[in-house]
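Welcome! Take a moment to look at the sequence and the fold before reading on, and keep both in view as we go.

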Amino acid sequence: MGEELTIGKFEITSKDIKNFLNKADITSNKLLSELDLTKDKKISEDNFVELVDLIENSKEIQAMIKGTNTLGQREPSGAYESDISSFAEQFANYSCAQMAGVDSVFAGKDNRWCGVFTDYVLKNSGHYDEAANWYKKLGNKWNPEAIYNAANKAGAVVSASEVRPGDLIVMNWENDNEYDHVGLVVSVNENSVTVMEGNNGNYTRKTEYPINGNVAFLRTR
């Protein structure tokens, strides 16, 4: 450790890192101070490891890598949203028994398999590595109320004005203190959202719901 690091034929220098930050319009005082980028020098293995760790844990840099510099603002539909929506929609009008043919986890879940369906989509649409930590920690707790409570505890409940494809919607049909149903938002309209959901008449269905009412929206990443 501590030796100069060469990746393939390319050496990474402090100048390279500064150019990267400048092009991305990123100001990272922590990076500049910790890696001492005041001189054009090669990056040591130790510093490269620190750099990778910083990038992985920097929301600012991750947003740049994913093609947006509008942190905290509503993002336009992108690869995540289109991929996850198209994956969910391919199962429209499947019964629970048919979904069990796709994944045996659905077997015997007829009475509360809306959560099983959203879990299946998020885990198998190619973007589960991007899922929020609160969702990954749910395990097999597919009850809509448990899903809402986990998101609420993690601060992942978003307003109707912030909802975007890939979010979850939970619904309080009984108008009581408990959420009864969960679905996946696949598109956002002016006053409504289009949702792919399981266990609607024992089928997966594509349904439009008003954006306001006894519902809540949960950010999944």
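Is F106 buried or exposed? F106 is buried, because its relative accessible area is 1% and buried means under 20%. Please keep in mind that you are looking at a predicted model. We will come back to F106, but let us begin with the sheet.

The sheet is open and has 6 strands, which follow one another in the order β3-β8-β4-β5-β6-β7 with antiparallel pairing. At the edges you will find β3 and β7 (203-210); each has a single partner strand, so one side of each has no neighbour in the sheet. Now look at how helices sit against these strands. Helix α7 packs on the sheet and touches β4, β5, β6 (192-200) and β7. The direction of α7 makes about 45° with that of β5. Helix α9, for its part, lies across β3, β4, β5 and β8, and runs at about 55° to β8.

Strand β8 is a good place to see the pairing in detail. On one side, β3 (residues 157-158) is joined to β8 by 2 bridges, and the two run antiparallel. Here V158 has F217 in β8 as its bridge partner. The pairing of β4 with β8 is also antiparallel, and it spans 4 bridges. Across from M171 you will find V215 of β8.

Next, the interior. In soluble globular proteins, nonpolar side chains tend to be buried together. The largest nonpolar core here holds 32 residues, and the members that touch the most others are F106, F117, W134, L168, L184 and L218. At least two residues of this core come from each of several helices and strands, among them α5 (79-89), α6 (96-102), α8 (133-136), β5 (181-188) and β8 (215-218). The helix α7 gives the most, with 6 residues. A second core, separate from this one, has 10 residues, including V158, I169, M171 and F217.

Aromatic rings add another layer to the picture. Across the whole structure there are 8 aromatic pairs. One of them joins F106 and Y120 edge-to-face, with 5.6 Å from centre to centre and 70° between the planes. What does this pair tie together? F106 is in the loop between α6 and α7 while Y120 belongs to helix α7, so the pair links parts that are 14 residues apart in sequence. Like F106, Y120 counts as buried, with a relative accessibility of 11%.

Another pair, Y148 with Y179, is tilted, at 4.5 Å centre to centre and 40° between the planes. Y148 lies in helix α9 and Y179 in the loop between β4 and β5, so this pair ties together parts that are 31 residues apart in sequence. Both of these tyrosines, Y148 and Y179, are buried.

Which residues form one aromatic cluster? They are F87, F91, Y94, F106, W113 and Y120. Finally, turn to a ring with a lysine over it: K136 lies over the face of Y128, at 5.8 Å from the ring centre.

Key
Residues numbered from 1 in each chain as written. Predicted model: local features only at pLDDT ≥ 70, side-chain atom pairs only at ≥ 80, totals over all residues. Heavy atoms only, no water. Core = buried A, V, L, I, M, F, W, Y, C linked by side-chain atoms within 4.5 Å. Buried < 20%, exposed > 50% of the residue type's maximum accessible area, 1.4 Å probe, protein only. Pairing = 2+ DSSP bridges. Phe/Tyr/Trp six-rings, centres within 6.5 Å; stacked < 30°, edge-to-face > 60°. Lys NZ or Arg CZ within 6 Å of the ring centre and 35° of its normal. Contact = heavy atoms within 4.5 Å. Axes fitted to C-alpha atoms, helices over the stretch in contact; angles between N-to-C directions.
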